[in-house]
Amino acid sequence: MSTAVIHYIDHPHPVTGVTNSKLGVWLFIASEVMLFGALFSSYIILRIGNPAWPHGWMVLNVPLATLNTMILITSSVTMVMSWAALMMNRFDRFRLYMGLTILLGLAFMGVKGFEYSSKFHHEHFPWTDNFYGIYFTLTGLHGLHVLGGILLNLYFLVTGKRLWTRNPKMFAGRIEAAGLYWHFVDLVWIFLFPSIYLL
């Protein structure tokens with residue numbers, strides 16, 4: 001077993017052109033693109049092959065989904081602001097913007113929970129038909145990714161002061177990497193919203 005250690009670097013690696021943390025996150029996002037790409041492809045094939053496929057705007061709550069879209073876009077802005085605050089050496093501002101990002105993520109999950117509750121109340125479940133199977137699979141998987149992002153951001157908010165004091169560049173790099181993940185989650189929703197709710 002190798003005992004080699006991959007050291008943190010705060011400048012682009014001469015081979016890859018990016019830091020180790022960025023390279024790791026980009027590779028992870030690439031694997032996630034393949035996962036969601038396969039699910040979107042399945043959705044398209046099922047929809048094309050079924051002439052009676054319902055329109056999302058007829059059976060889903062578009063105003064709530066629109067609200068969730070605005071919440072996620074705003075959270076992307078606050079995520080960038082949290083990283084920018086670190087670049088300006090303002091840890092107090094980082095806490096403010098990271099806290100807002102977490103609250104917006106929780107608001108998204110709350111709205112999604114209300115929407116799911118309404119569907120269950122009307123006896124619409126993943127096994128009801130192909131439409132609801134796709135709806136719950138895609139939005140549920142996306143929701144799990146949002147939850148993962150919330151937990152990651154919460155970790156940085158709670159332990160951030162210690163990490164920031166020990167190595168500010170490393171901590172800022174971690175927040176930048178977490179931001180890349182958060183933006184990817186937002187981007188997935190930007191594709192989900194029109195394809196599931198509006199078409």
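**Helix 6, the largest pocket and the loops of an all-helical model**

A kink of about 30° is found at Leu192 in helix 6, shortly before the proline Pro194. The model in which this bend occurs is a predicted one. Despite the kink, the overall length of helix 6 agrees with expectation: at 1.5 Å a residue its 31 residues should span 45 Å, and its end C-alpha atoms lie 44 Å apart.

The secondary structure of the protein consists of six helices and zero strands, and the order of elements from the N terminus is accordingly α-α-α-α-α-α. The C-alpha trace spans about 60 × 40 × 30 Å along its principal axes. Of the 199 residues, 41% count as buried. Among contacts between residues at least 6 apart in sequence, 76% join residues at least 24 apart.

Helix 6 also contributes to the largest pocket, which holds about 170 Å³ of space. Of the 14 residues that line this pocket, Met87, Lys169, Ala172, Gly173 and Glu176 are the closest to its centre. At least two lining residues are supplied by each of helix 1 (20-48), helix 3 (62-87) and helix 6 (168-198). The greatest share comes from helix 6, with five residues. By residue class, the lining comprises seven nonpolar, three polar and four charged residues.

Ala177 also belongs to helix 6. With a relative accessible area of 9%, Ala177 falls under the 20% limit and is therefore buried. Leaving aside residues up to four places away in sequence, Ala177 touches Ser21 and Val25. Ala177 and Tyr197 are separated by 20 residues in sequence and by 30 Å in space, C-alpha to C-alpha.

A contrasting environment is found for Ile44, a residue of helix 1. The relative accessible area of Ile44 is 46%, a value between the limits of 20% and 50%, so this residue is classed as partly exposed. Ile44 stands 101 residues from His145 in sequence, and the C-alpha atoms of the two residues are 22 Å apart in space.

Helix 4 (residues 91-121) was examined in the manner applied to helix 6. At 1.5 Å a residue, the 31 residues of helix 4 should span 45 Å, and the distance of 45 Å between its end C-alpha atoms agrees with this.

Two loop residues, Asn89 and Glu123, were considered for their backbone geometry. Asn89 is located in the loop between helix 3 and helix 4. Its phi is near 60°, a positive value in a residue other than glycine. Asn89 has a relative accessible area of 57%, over the 50% limit, and is therefore exposed. Glu123 occupies the loop between helix 4 and helix 5 (130-166), where it follows just after helix 4 with a positive phi of about 60°. Glu123, too, is a residue other than glycine. At 60% relative accessibility, Glu123 is over the 50% limit and so counts as exposed.

Key
Residues numbered from 1 in each chain as written. Predicted model: local features only at pLDDT ≥ 70, side-chain atom pairs only at ≥ 80, totals over all residues. Heavy atoms only, no water. 1 Å grid on protein atoms, 1.4 Å probe; cavity = no way out; pocket = protein on both sides within 12 Å on 5 of 7 lines; lining within 4 Å. Points joined across faces, edges and corners; volume = space filled by probe spheres on them. Helix = DSSP H or I, 4+ residues; strand = E, 2+ residues; numbered from the N terminus. Nonpolar A, V, L, I, M, F, W, Y, C, P; charged D, E, K, R; others polar. Expected span 1.5 Å × (residues − 1). Bend = angle between axes of the 7 residues up to and from the residue. Buried < 20%, exposed > 50% of the residue type's maximum accessible area, 1.4 Å probe, protein only. Contact = heavy atoms within 4.5 Å.
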